[in-house]
Amino acid sequence: VKKNPGEPEFHQAVKEVLDSLRPVVEANEEKYRKEALLERLVEPERVIMFRVPWVDDKGNVQVNKGYRVQFNSAIGPYKGGLRFHPSVYLGIIKFLGFEQIFKNSLTGLPIGGGKGGCDFDPKGKSDREVMAFCQSFMTELYRHIGADTDVPAGDIGVGGREIGYLFGQYKRIRDSYEGVLTGKGLTYGGSLVRTQATGYGLLYLTEELLKINGKELAGKTVVVSGAGNVATYAIEKAYQLGAKPVTCSDSTGWVYDPDGIDVAALKDIKEVKRARLTEYTKYRPNAEYHEGKGVWSVKCDVALPCATQNELDLEDAKTLVANGCFAVAEGANMPTTLEATKYLQENGIIFAPGKAANAGGVATSALEMSQNSERLSWSFEEVDAKLQGIMVNICHNMADAAKKYGFEGNYVVGANAAGFEKVAEAMIAQGVC
Ligand code: NDP
């Protein structure tokens with residue numbers, strides 16, 4: 001805390017990981033201490049901060065703060081998304097970059113951990129303003145990234161449009177057509193299934209985890225928060241697996257649709273019109289729209305937080321348990337507070353942490369990198385089958401790791417331990433660096 005003042009989200013992420021790694025560290029104490037392994041692990045290899053000046057539609061110059069945190073490259077080039085949201089500051093990017101190390105390791109693919117972003121708010125901006133901003137952002141970032149160095153992707157506020165503008169500017173400056181970003185459009189090196197990957201992956205893992213616990217997803221009522229990329233495709237896949245998703249939310253309000261969320265309406269509102277969920281009842285008069293926060297008050301079997309960090313607190317956890325919810329799987333990064341996670345686990349809820357449950361996005365990004373390297377595009381079915389295989393593997397690896405260290409059923413310990421082991425071994429093998 002002294003070394004990283006004013007970064008509560010980063011402290012929270014480090015505490016969660018280090019607390020749950022205690023059994024792993026105790027089993028290897030002398031080796032890790034000699035190597036100062038944990039001290040090195042919590043310090044990013046490199047932090048880049050830069051000015052992003054751009055001109056708005058009124059001709060005024062705006063200035064934002066850009067970041068890229070290259071956290072750990074022990075097992076592969078840095079990989080992790082870019083977040084454009086007014087709440088972005090160094091502590092958020094460091095928490096996300098730190099989580100990314102273990103998530104990427106869990107996928108079984110050769111990718112290190114990184115994250116970046118900016119306090120720019122794309123909401124309400126014209127396409128031209130977003131383009132001007134992205135071009136300025138990349139005019140600094142390009143010198144720090146590359147297909148074999150650091151490969152950013154999307155996150156909150158960064159979707160296909162933004163990745164397109166960023167890629168165009170990189171190519172223009174470097175005069176090089178390479179897989180430097182993932183989440184690209186299908187006409188210029190993107191991968192099928194990348195758009196759906198995080199949401200679909202979340203449901204593949206949830207289904208498998210329920211199976212391990214003698215339960216099934218089909219026929220269950222699912223409550224989802226968020227209305228962005230992860231939430232939309234989580235809702236879509238929930239239907240495909242026979243469940244019924246009944247809620248979604250954005251930063252102004254939430255929707256309860258007793259007949260099940262209408263995916264086509266959701267996509268039209270959020271992806272096409274870029275509008276607010278207030279519109280939803282125009283498509284579905286039977287649905288309810290409420291201002292503020294509230295999806296966790298809806299009775300459900302399974303809860304999938306897919307919006308943002310710390311959106312599910314202790315009170316929400318108590319409500320979920322009281323309402324008979326039996327599983328929570330995190331589509332967002334760190335959506336559940338530490339107290340809420342503890343309460344859920346102590347009350348017998350099957351709890352899948354984000355670094356395992358939402359790893360499908362980055363896994364499919366790594367598949368996009370492979371396709372770019374061989375200059376080929378795989379079919380939807382091929383990528384989807386690989387994604388499903390990866391999520392099922394992650395599920396078993398985290399369950400097995402939890403058992404190995406004497407914490408059967410504690411998937412927070414399992415995911416952290418399974419992700420950490422490979423990174424620790426690679427760091428030690430590569431010497432003090
Ligand atoms: P989007 O920008 O597509 O959607 C985010 C959604 O969450 C929007 O509905 C947004 O509402 C809502 N939201 C964002 N911030 C807040 C807030 N402070 N309070 C309430 N609601 C909020 O982002 P993604 O769907 O891509 O990301 C969602 C989460 O999933 C993030 O935690 C991200 O890090 C994580 N994630 C994403 C991956 C991906 O592949 N996209 C991969 C792995 C994790 P509004 O529209 O009003 O802003």
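Two strands count as paired here once DSSP finds at least two bridges between them. With that in hand, here are the close-ups, and keep in mind that this is a predicted model.

**View A. Strand 4 sits between two pairing partners, strand 2 and strand 3.** Strand 4 (residues 112-118) pairs with strand 2 (residues 61-72) in the antiparallel sense, and 6 bridges hold that pairing. One contact to look for is Asn72, whose bridge partner in strand 4 is Gly113. Strand 3 (residues 78-84) runs parallel to strand 4, with 5 bridges between them. Here Gly113 turns up again, this time as the bridge partner of Lys79. Between strand 3 and strand 4 comes helix 5 (residues 90-106), and the three elements make a right-handed β-α-β unit.

**View B. A closer look at the two faces of strand 4.** Gly112, Gly114, Gly116 and Cys118 point one way, Gly113, Lys115 and Gly117 point the other way, and all of them are buried. That makes 7 of the 7 residues buried, so strand 4 is largely enclosed by the rest of the structure.

**View C. Strand 11 has parallel neighbours in strand 6 and strand 12.** Strand 6 (residues 221-225) and strand 11 (residues 302-305) share 4 bridges and run parallel. Ser225 has Pro305 of strand 11 as its bridge partner. With strand 12, strand 11 forms 2 bridges, also in the parallel sense, and there Ala303 is bridged to Val328. Strand 11, helix 12 (residues 314-322) and strand 12 together make a right-handed β-α-β unit. Both faces of strand 11 are covered: Val302 and Leu304 lie on one side, Ala303 and Pro305 on the other, and each of these is buried.

**View D. Leu202 makes a busy set of contacts from helix 8.** Is Leu202, in helix 8 (residues 194-212), buried or exposed? The cut-off for buried is 20 or more other C-beta atoms within 10 Å; Leu202 has 32, so it is buried. Leaving out residues up to four places away in sequence, its contacts are Ala234, Leu304, Ala329, Gly331, Ala357, Asn358 and Gly360. Of these, Leu304 also appears in View C, on one face of strand 11. Ala234 is 32 residues from Leu202 in sequence, yet the C-alpha to C-alpha distance is 6.7 Å.

**View E. Thr139 in helix 6 has partners further along the chain.** Thr139 belongs to helix 6 (residues 127-141). With neighbours within four places in sequence set aside, Thr139 is in contact with Gln169 and Ile173. Arg172 lies 33 residues away in sequence and 9.9 Å away in space, C-alpha to C-alpha. Thr139 is partly exposed, because 17 other C-beta atoms are within 10 Å.

**View F. Two residues other than glycine, Met334 and Arg375, have positive phi.** Met334 has phi near 50 degrees and lies in the loop between strand 12 (327-329) and helix 13 (338-346). Arg375 also has phi near 50 degrees, and its loop joins helix 15 (360-373) and helix 16 (380-404). The surroundings of this pair are another matter. Met334 is buried because it has 24 other C-beta atoms within 10 Å. Arg375 is exposed because it has 9 within 10 Å.

**View G. The chain is assigned two domains, which touch each other.** The assignment gives domain 1 (45-179) and domain 2 (196-352). Their centres, taken over C-alpha atoms, are 27 Å apart. Domain 1 puts 5 residues into the contact, and domain 2 puts in 5 residues. On the domain 1 side, those residues are 3 nonpolar, 1 polar and 1 charged.

**View H. The ligand has 22 residues around it.** Which residues come nearest to the ligand? They are Gly228, Asp250, Ser251, Ala332 and Gly361. Sorted by class, the shell has 7 nonpolar, 13 polar and 2 charged residues. Helix 9 (residues 229-240) supplies the largest share, 3 residues. Domain 1 and domain 2 both give residues to this shell, so the ligand lies between them.

Conventions: Residues are numbered from 1 along each chain as its sequence is written. This is a predicted model: local features need pLDDT of at least 70, side-chain atom pairs count only at pLDDT 80 or more; totals for chains, interfaces and linings use all residues. A residue is near a molecule or strand if its C-beta atom, placed from the backbone, lies within 6 Å of it. Ala, Val, Leu, Ile, Met, Phe, Trp, Tyr, Cys and Pro count as nonpolar, Asp, Glu, Lys and Arg as charged, and the others, Gly among them, as polar. Domain bounds come from an automatic or database domain assignment. A residue is buried if 20 or more other C-beta atoms lie within 10 Å of its own, exposed if 12 or fewer, and partly exposed in between; C-beta atoms are placed from the backbone. A crossover is right-handed if, with the strands pointing away from the viewer, the path from the first strand over the helix to the second runs clockwise. Two residues are in contact if their C-beta atoms, placed from the backbone, lie within 7 Å.
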